[in-house]
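The exercises below ask you to read a predicted model step by step, with a worked solution after each task. Please keep the sequence and the structure in view while working through them.

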Amino acid sequence: MLNRLRTPVAMGALSLSLTLTACGETPGADNAAGGAGEIKALAACAKNPSDGPMRETFLLVDAKALVRTDKAVETAQKNGWLRDLFVDVADPVKALTSGFVAPNERVTIIVLSSDGASGTRVFSGCVPGAASNAPNGSGKSSVGAFFTGSDSDALKEQQDQFRTRLIGGLQAAAAKGDQAASRQTGPLAASKLFESIRNSRGLFENGTAAKRFVIVSDLSGIDGPAGEAPDAHANGAFEAGVTEGYRSAFDFELGEVYLVQPEGTNVPDRAFLDGFFLAQSAELVSAATGRVGPGSLAPVSVETFKGNALYPSGAQPLTLRLARDAKDQLVASWLVLLGDHPQSLPLAGTMQCASADECTVTSKNGKFSQSWSPAPGGEPEFDDKMPFGGMRDFKLEIKNGKLTGSVSDAYVGDVGNGKNFIGIEAAKARGGQ
């Protein structure tokens, strides 16, 4: 792991943190522990959460994916890949340099119970950093600028303390693992993993921040499409995933999901997983073994609107969450069609604002409603059973708290009443969130 860190400072600091933990020293002194053994690193957290980053990351570690260890040396030997993962997700130099987290973003680590009971929060903290600590528009980082002068010395000390406590969180997590790592089996919705996630609702703090979930588990033994199924069109993997997702009945609150499995295990069919998480209001960003996939930038603004989709047959209620990053790209943005089975559609595009209350939102990538296609990939499909019939393009205008717009597609003609689009009307929710 150490030879993959990008700066000598990071290498030295991480070596120090591992040494301290291995020698049995309690990580930190002023705010290191909270609750029943929870380790905290809150120095970089905003006093008022609304003043902090508009995203929070939850690292959910299945106890079945851990090998129980009581000593740091054993943890490094038996759970080494998880140590690397913790660094990739939350190290105050590496994760900020890669852009996986934003400066001062809160990261919470929860160990999910192997018997389905509520999980245990073992670490919570805000990653110390500043605006210049994150990749800029050119994709390069100016981390080195932090290591000169009194202000940068203070930041470096704060980062060292955070890193030490993060590794302490790994040790606390390993102490709650099973005697030997094992995989989840049976239907995914009924698995002990998702039973524990459902029973852990109270640990996912409410608020206006967008949420990300990094789920660490071995799902290679679950029922349904698994391994590298060659043809999602033929095996109905996506629809099977949607059905299983509705059975699971969890709400990821329009979050991003990153699935990480142990190295050498088979990741379930991607179309199945896409449907499973989409039915629970989440977008599966990546599913891989050993390492977490690339992350998106954190939003710099988040607004929520409530209104209707103006179908020819009548209005259908919806909500919109529009969030943009520093490059005016939509991130953590969704349109949710409400009903007996709400359908959540992740939004990709640009959001350009002439002022704080005058913006234009335009789609890109030609997906939108196709995220609910029963046969993902290949040519687009259009069906009345899909939201907006499968149409892929949208354009929205925001002015003085009012949103108007339309959904359309070059392949779709008259949708009814002589129109080739479905209109949208909405107003900003109270408080704008």
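## Exercise 1: Confidence

Task: state over which residues pLDDT stays under 50 and how many contacts the model has there.

Solution. Over residues 1–35 pLDDT (the predictor's confidence in each residue, from 0 to 100) stays under 50, and the model has 62 contacts (heavy atoms within 4.5 Å) beyond four places in sequence for them. A second such stretch is residues 226–234, with 13 contacts beyond four places in sequence. Where pLDDT is low, the predicted coordinates should not be read in detail. For the protein chain, the mean pLDDT is 84, and 83% of the residues reach 70 or more.

Because this is a predicted model, local features need pLDDT of at least 70 and side-chain atom pairs count only at pLDDT 80 or more, while totals for chains, interfaces and linings use all residues. Residues are numbered from 1 along each chain as its sequence is written, and side-chain values use heavy atoms, with hydrogens and water left out.

## Exercise 2: Placing Val67 and Lys211

Task: determine where Val67 and Lys211 lie and whether each is buried or exposed.

Solution. Val67 is placed in the loop between strand 3 (55–62) and helix 2 (72–78), where helices (H or I, at least four residues) and strands (E, at least two) are DSSP runs numbered from the N terminus. Val67 counts as buried because its relative accessibility is 18%; buried means under 20% relative accessible area, exposed over 50%, and partly exposed in between, with a 1.4 Å probe and protein chains only. Beyond its neighbours within four places in sequence, the contacts of Val67 are Lys78, Asn79, Ala174, Asp178, Gln179 and Ala181. The C-alpha atoms of Val67 and Ala175 are separated by 8.3 Å, although these residues are 108 residues apart along the chain.

Lys211 belongs to strand 7 (residues 210–216), and its relative accessibility of 4% is why it counts as buried. Between the C-alpha atoms of Lys211 and Thr57 there are 5.9 Å, with their positions 154 residues apart along the chain.

## Exercise 3: The nonpolar cores

Task: identify which residues have the most contacts inside the largest nonpolar core.

Solution. The largest nonpolar core (buried Ala, Val, Leu, Ile, Met, Phe, Trp, Tyr and Cys residues joined through side-chain atoms within 4.5 Å) has 62 residues, and those with the most contacts inside it are Ile215, Phe277, Leu335 and Phe388. Helix 9 (residues 270–278) gives the largest share of this core, six residues. Apart from this core lies another, of 33 residues, which includes Val61, Phe86, Val89 and Ala90. Helix 3 (residues 80–90) is mostly covered, with 11 of its 11 residues buried.

## Exercise 4: Two asparagines

Task: for Asn104 and Asn365, give phi, the location and the exposure.

Solution. Asn104 has a phi near 70°, a positive value in a residue other than glycine, and lies in the loop between helix 4 (94–98) and strand 4 (106–112). Its relative accessible area is 24%, so Asn104 is partly exposed. Asn365 also is not a glycine, yet has a positive phi of about 80°; Asn365 is found in the loop between strand 16 (358–363) and strand 17 (393–399). With a relative accessible area of 55%, Asn365 is exposed.
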